[in-house]
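Take a first look at the model below. The report after it begins with one loop residue and then moves outward to helices and the whole chain.

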Amino acid sequence: MVQPKVRGRRAEKKSKEVTTQSEDYTRSDKSEVKGNDGEVELNPALKTTFFGLVDSNEIDYFKQAESTLNVNAFDNDEEREGFIRSVLEEARGKELKLVTNQICSKLMERLVLFATDRQLKNIFRQFSGHFVALAHHKYSSHVLETLLVRAAALIEKELVNDFKQDEGDVNDEISQEQDREDEAVVSMETLFIKMLDEFNPHLKTMVDHQYSSHVLRLLILIIAGKELPSTTTSNSTLRSKKSKIARKMIEIKDNDDFNRSFQTPPSFKDQLRKICNSLSSKGDMKHMRELAINKVASPVMQLLIQVEGIVDKERTFWHLIFLNESSDKNPQEEAFVEYLLSDSVGSHFLESVIRNGGARMKYIERLYKLYMKDRVLKLSKRSTTGVFIIQALLFKLKPVEVTYILDQIIPELASLISIDENQNLELGKNIIDASISRDNYRREELIGQLFVKFAPNYDRNNPSADTSSEFLENTLHLTGSTLGNTRDDWPTAEERRRSLFLEKLMEYDHSFVVCTWLNFLALPIARFIQMCYHGVFSHVVENSLVVIPASEGEPKNVLIIRKRFLNLFQNEIVNLACNSYGSHIVDRLWNFTVLLNMYKDRIGSELASDSHKVKESTYGRLVWKNWSMELFVRKKYDWKLLIKNQEEEYFGFGDNKDQNNTERVKKPIELKFEQMMREKQAKEERAQKAEEGFNKRKNNEFDYGYNDDNKKAKIRGRNR
């Protein structure tokens, strides 16, 4: 029978994948196979063990217990510990099927976070022999990661001899049985090494597994003594993006064991060497390069390159991916590097290797000189891939090479940044930082390029009042933003990036600040007030409230613009002071109104006119305190002295006075005693001068009355 012709792009793509898989590197211990329907399935040897189902009654109980721990409605820690003991007693013997259940796994993770040291060891023993299966499971892998972090903290506690048995658990049945079996004396280090031995035969299958790769990364971080990152931050190396979002939704917060590193025993160094040797054995360059560009395995390879120097001076993983530092340009390596520079996963791999300091400097310099130096500008135009590698090289290469990159990019910076597509804003920030690190290299040209891009019609050498709001519009995109929305929309990530970029520009040069003032003046007043109450744009307003230092001197036209800008806040000070975002702006106005006492007095009068509203607000009370409004209302003269002291600090000669103000006020008797000492010292100085004059006159008489020999003898006799 004639086979019908298969049509469609999906069928063609599937056929291509089949042909490429036959040509690619094949492993004997491959953990994933393709099923008939194209779905990825675990190798039968590593399929997650079925630990049983949780019945409906148990689910209701454990779900209620999880919500109770989430609310944390306990009067004290002892009450919460008692509740946790009762839940653990109920879960005894059911731990494995609880961690593999979607609902109950959240409860087990909370129990691990709150468990005592003894309870933690008990849970760890229950998982013994099943760590591989748990690491490959969708839900239990998260519980296992939390358990490993707590275990690392317990290992450090045992190393410093700070481990104590929990008194509250002594009477528990679980503790009594374990004491009889003499298991409680087993150290956490021994249990951890036993777990590593359980993982060791399956390490290669964990590298590119969707769930167990996260467990493997955490194991490497722990035994290498590196910092264990948070599970909820956006740049965490511990969890994927979906996992971090889900963790925030279920409101599981990290404890103090995260975001820090722990001391490790000497045996962990041997374990790290064993893991590195196991993963690098029988591996060829083609397979390692495939792992480096694999979406799941790439973070593991980045971490291995970062820590392999601790136990391997030959840097085996690096040389399994790239050639030796003495090798010349190679066509296959050139094709691989080109793929890294143009692929999202590959570029992230290369950027991480450069930034995290795992590779030696000579390795990075070789790749840069052979494959990237001649096309720096071309790579900078790849806004989603190659530009991130160029930014990483700016802070890694030698100063000569950094200067070369700046020479290539600064003249073309205006064309590299895209306003509409929100591209290469980070490149502009990193170019500014690199220029500052090179003693403000090509500073004026860089500022000119930024103004050409974001404010082409603005003359920074002669700022005028007829400036439009194009600078704010090009940098912040106010038209399509959440500004003025009445639905309480959260500020977007793009708005945050653009605001941080504008704040960086204002910090870099004061001409951007003056341009921002003029753009604020060009906006409708209602629009500007909305920015003061916005969660992101209020930071732009706050950071624009800076004054030129007295050493540089503020031009008269800039002073006039500053006064006009202050007029925008008139009749809105009280509302701003009572707002969580606006209160920071009012605090900044104290320093911003230096040398403008009339404006400072006007703001103080507005706050005092509605003092009840200000004092009733939490933020308003802080503003009231920061502006010293009690002195303004009750002791105006002392408030004026504060203004005078501020002006003296601004001009640079108020430091000594501030130091004197911190000293204890002296008593009248002490002042009188100091005056007497000064008079005595002056009297002694006058007597000493008179004696010196008398001796001088005597010496002159000796000169006239005696010859040189007699004079010397006479002098010696007098001295004697």
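Asn440 counts as partly exposed because its relative accessibility is 35%. The cut-offs are these: buried is under 20% relative accessible area, exposed is over 50%, and partly exposed is in between (1.4 Å probe, protein chains only). Asn440 is found in the loop between α25 (425–437) and α26 (443–454). Its phi is near 55°, a positive value in a residue other than glycine.

This is a predicted model, in which residues are numbered from 1 along each chain as its sequence is written, local features need pLDDT of at least 70, side-chain atom pairs count only at pLDDT 80 or more, and totals for chains, interfaces and linings use all residues. Side-chain values use heavy atoms, with hydrogens and water left out.

**Other single residues**

Lys282 also has a positive phi, about 55°, although it is not a glycine. This lysine lies in the loop between α14 and α15. Lys282 is exposed, with a relative accessible area of 79%.

Lys138 sits in the loop between α7 (131–135) and α8 (140–159). Lys138 is partly exposed, at 43% relative accessible area. Ser212 is 74 residues away from Lys138 in sequence, yet the two are 8.8 Å apart in space, C-alpha to C-alpha.

Is Leu69 buried or exposed? Leu69 counts as buried because its relative accessibility is 3%. Its place is in helix α2 (residues 56–71). Contact here means heavy atoms within 4.5 Å. Leaving aside neighbours within four places in sequence, Leu69 is in contact with Phe74, Arg80, Phe83, Ile84, Leu107, Arg110, Leu111 and Phe114. One of these partners, Arg80, is 11 residues from Leu69 in sequence and 8.2 Å from it in space, C-alpha to C-alpha.

**Helix pairs**

Helices (H or I, at least four residues) and strands (E, at least two) are DSSP runs, numbered from the N terminus. Axes are lines fitted to C-alpha atoms, for helices over the stretch in contact, and angles run from 0 to 180 degrees between N-to-C directions.

| Helix pair | Axis distance | Crossing angle |
|---|---|---|
| α16 (298–307) and α19 (344–355) | within 10 Å | roughly 15° |
| α18 and α19 | 5 Å | about 100° |
| α26 and α29 (510–522) | within 11 Å | roughly 20° |

Angles under 35 degrees count as roughly parallel, over 145 as roughly antiparallel, 65 to 115 as roughly perpendicular and the rest as oblique.

Start with α16 and α19, whose axes cross at roughly 15°. That angle makes α16 roughly parallel to α19. The crossing is right-handed. A crossing is right-handed if the near helix is turned clockwise from the far one by less than a right angle, and left-handed if anticlockwise. From α16, the contact uses Ser298, Met301, Gln302 and Ile305; from α19 it uses Val345, His348, Phe349, Ser352 and Val353. By class, this contact has five nonpolar, four polar and no charged residues. Ala, Val, Leu, Ile, Met, Phe, Trp, Tyr, Cys and Pro count as nonpolar, Asp, Glu, Lys and Arg as charged, and the others, Gly among them, as polar.

Next, α18 packs on α19 at about 100°. That makes α18 roughly perpendicular to α19. Leu340, Leu341 and Ser342 of α18 meet Ser344, Gly346, Ser347, Phe349 and Leu350 of α19. The contact of α18 with α19 has four nonpolar, four polar and no charged residues.

In the third pair, the axes of α26 and α29 cross at roughly 20°. Therefore α26 is roughly parallel to α29. This crossing, too, is right-handed. Ile447, Leu450 and Phe451 in α26 meet Ser511, Phe512 and Cys515 in α29. Five of the contact residues are nonpolar, one is polar and none is charged.

**Around α15**

Which residues of helix α15 (residues 285–292) are buried? They are His287, Met288, Arg289, Leu291 and Ala292. Their cover includes α11 (203–207), α14 (267–280), α16, α17 (316–321), α18 (331–342) and α19.

**The whole chain**

The protein chain has 42 helices and two strands. Of its 720 residues, 45% count as buried. Among contacts with a separation of 6 or more, 73% join residues 24 or more positions apart.

UniProt, in an unreviewed entry, lists residues 126–161 as "repeat: Pumilio". That span is 75% helix and 0% strand, and its end C-alpha atoms lie 25 Å apart.

Key
UniProt positions renumbered as here; feature names shortened; annotations may be inferred.
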